[in-house]
Each structure stands twice: as C-alpha cells, then as structure tokens.
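Here is a friendly round of questions and answers for a structural biologist. Each one asks how a term is earned.

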Amino acid sequence: MSNKNSNENVQPPAGGEPYLLTPGPLTTAISVKQAMLRDWGSWDEDFRSMTRQLRSELLAMIEDTQNDFECVPIQGSGTFVVEAMLGTLLPRDSKTLVLVNGAYGQRMVKTLERIGRDHAIIDKGDYLPPRGDEVREALDADPAISHVVVVHCETSSGILNPIEELSEVVYAAGRKLLIDSMSGFGALPLTIAGLRFEAIVSSANKCIEGVPGFGFILVRRSELEQAQGCCHSLSLDLHDQWVQMEKTGQWRYTPPTHVVAAFIEALRLHRQAGGVQTRLERYTQNRDTLVTGMRALGFETLLQERWLSPIIVTFFNPADSAFEFDRFYQLMKAKGYIIYPGKLTVVDSFRIGCIGQMDTSVMLGVVEAADKSLAEMGVTSAEPPQQALEQRSKL
Ligand SMILES: *Cc1c(COP(=O)(O)O)cnc(C)c1O
C-alpha cells in the first residue's frame, strides 16, 4: 500500500466547513463553488455552449473513437437518470436480469416494478459480488431475458463488482448490458475498448466532483434511436431529451444552470490534473491511507482486500459496548469530518468515503480524529465482533 501524495492538488474547504467523507454530495473545490456565482439564461448561447462542452468531454472519457455513443444529461439526482435509462432503453416487452448486492441494485428492482418492466433477480446479499458463472446459468435458463443491469461500485458496501467478467458473459450469451456507474465514473477506468456495454449512467456529484443537480447517460446511439416512445415518463424520456438537445442545443425544461457551470469547472480540474487515471490514483492513495490507519486502531473492513473499491470503505462497528455510532458521528463531526452510516442488513457498520477534494493528509486527519473520538467515548478496542469476522471469512 502506498502512502505517497498523488499529482493532483486539492482545494480544502474554506471557512472551517467540515469535510464530507460521503459518496456525494462530497467536498468540492472552492473554484467549483465560485463557478456558481452568476446567472445564465438557459436559451443563451453561453449556456448552450456549456452543455455542448460537458457532453463532448464526458464522451471523450470513454474514448469512443468510433463515434458510436451519445451523452445525454438529465435533470435530477442519480436515481432519476437510472430510472430514465431503464424506462427509455428497456423495451416494454423486454425482460431484464438485475444483479443485486446492495441498496442501489434493490432500487433498480423497485424501479422496474414501478414502471412495469418484467425482470428476474440474482441477489447476493450485502457484500458478495455477482459472478460470471451464475449469470451465464441464469441467461441460459431463461431465453426471455434480453438485458442485464448491474451496479459498478455498489456504494452501500463499497464493493467493486467484476463488470469485465460480467460483460463478457452477457455478450457471449447475446444479451445487452446497462451499468449504473454512478459512484465510479470519472475515477474507475471505463472505455469502449476495455468494456462492452450499451449504456452507463453517472451524476454530477460523484467522482467528477461537481455539485448535485443532474445525471447523465453515455449510450450507444443505435439504442437511443430505437427508443422513441418507449419511456413510461415524459420528463425522464432520454430519447426526447436527446432529440431536443441535438436540434436546439437546449435541455427540455429548465436546466440546473448553476450546477452545469460548476460541473464545467469540475471537469476542467479533472482534466488538468490528468483525468481518470490521476483521479483513480488519488482515491486509491486515500483509501490505502485510511484503511492502514484504521486497521492500526483495530478497525476492520467489511470486505476482503480484493473487493475493496477506492470509492468508499465500510468498517465494522467495534464490539466494545462503549461504542455508539451516533456519538462517534458527533465526535467526528466536531473534529471536522462528516462520516456516513452503514447500510447493511446483517452487521452494524459505518462508511468512510475516499472521494471529493481530499488527499492523504486529510485521510490521516480522519484516522487521528477516529482515534481521539474512541478515546473520548472510552472505547479501548476498535475490534469488530467475532461473528462479523467469521462472516467475512466466508467471502
Ligand atoms: C449515488 C448513487 C446513486 C444515485 O443516488 P441519488 O441519491 O439519487 O443521487 C445510484 N447508484 C449508485 C451506485 C450511487 O452511488
């Protein structure tokens, strides 16, 4: 594990506001916040050119040298663009296999139920990855399945799902893959040459480090062309949003102008620092520093090394009866760090994000704050309950 500083300089928050160790909204650069200090007319050429720029820069990130893909942004949080993707790209008579291993996979199932699209589920519980063999079996067993959807980094545990392996199986079986890469895009390498897929979605406030307000899809043009009239929803119809943007350069309905301006600045910082690879390095160093430091205090990660993402890490709550998450949260906040509660069903845990305007010096500060907070609570050991470790060893 490396501890050196990445090439990417970060801008710490001003005015003593706490760091957000959360997977979006996250700590943004001061220049990103400053980019919001003026107003734009949504029909004006200045704003239309920002929309063009964000679309082409996002496309460039997947290195679509064949020019087969389109980028379409849409208003709302990440869930809106996931629903827009499912509603627009899954034909009404399609059947979709949803690979679930956490809250975001479950949310896609709920969405399909709500919008009335037939589906099957492979549910791996809280922290096991879906694997190629089981997906192949499910596809072989049910020829009606036309699409597979998967979460790239399942932010509820922080697990990095093996999407290359899954993509190979899906296309070998002649089906199509859609990916929720909300918390990975911009930091986890995703190129057309490296991975086959029909569409991926992400949003402004994750690894590009913008502020919340819109999501976007990178989608094969032929899929969009076929999707006219498919969507269950007017405002979430990505086909119609695309047609309008191509024709007029404008969003349908009021765009989040300030959020777009902030995003343009966030993209500039991302590009200037060295793009996806540099960001991955910085987040990886953040994670390594965090995990090494927390382990030295006695904490343990939910996941084994192999499945740890550089995005967010889940730690077991200590077994010590003096530990109380709410108290720990408040003590950490008082020291300038906002952490994230766990989202697991079986064992108690909390999460610490590695993304946002933070480097290893911030992560060392987090570890020191955790150490002090434990002492203030009278917790003598951060070791997790034996039962939690036993469960993990089954992974
Ligand atoms: C953040 C996130 C979403 C979207 O959540 P919103 O709260 O709607 O922004 C979806 N999927 C994953 C994996 C995420 O991390």
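What follows takes the ligand site, then a sheet, then some backbone details.

Q: How do you know which parts of this model count?
A: This is a predicted model, where local features need pLDDT of at least 70, side-chain atom pairs count only at pLDDT 80 or more, and totals for chains, interfaces and linings use all residues. Residues are numbered from 1 along each chain as its sequence is written, and side-chain values use heavy atoms, with hydrogens and water left out.

Q: What makes a residue part of the ligand's surroundings?
A: One of its heavy atoms must lie within 4 Å of the ligand. Residues around the ligand include Ser-77, Gly-78, Tyr-104, Cys-153, Asp-180 and Lys-206. By class, this shell has 4 nonpolar, 5 polar and 3 charged residues, where Ala, Val, Leu, Ile, Met, Phe, Trp, Tyr, Cys and Pro count as nonpolar, Asp, Glu, Lys and Arg as charged, and the others, Gly among them, as polar.

Q: Which helices each supply at least two residues of that shell?
A: They are helix 3 (78-89) and helix 4 (103-115). Helices here are DSSP runs of H or I with at least four residues, and strands are runs of E with at least two, numbered from the N terminus.

Q: What makes the Asp-180 pair a polar contact?
A: A polar contact is a pair of N or O atoms within 3.5 Å. A ligand nitrogen is 2.7 Å from an N or O atom in the side chain of Asp-180, so the pair meets the definition. A ligand oxygen also lies 2.5 Å from a polar side-chain atom of Ser-77, and a ligand oxygen is 3.0 Å from a polar backbone atom of Gly-78. The protein covers 85% of the 390 Å² of accessible area that the ligand has on its own, by the Shrake-Rupley method with a 1.4 Å probe.

Q: Why are strand 13 and strand 14 called paired?
A: Two strands pair if DSSP finds at least two bridges between them. Strand 13 and strand 14 (residues 349-353) are joined by 2 bridges, so they qualify, and they run antiparallel. Pro-341 has Phe-350 in strand 14 as its bridge partner.

Q: What is the strand order of the open sheet, and which strands stand at its edges?
A: The order of its 3 strands is 11-14-13, with antiparallel pairing. Strand 11 (312-316) and strand 13 (340-341) stand at the edges, because each has a single partner strand, leaving one side without a neighbour in the sheet.

Q: What makes the bond between Gly-24 and Pro-25 cis?
A: Its omega is about 0 degrees. Pro-25 lies in the loop between strand 1 (19-20) and helix 1 (30-34).

Methods: A polar contact is a pair of N or O atoms within 3.5 Å; within protein, one must be able to donate a hydrogen and the other to accept it, and residues adjacent in sequence count only if both atoms are side-chain atoms.
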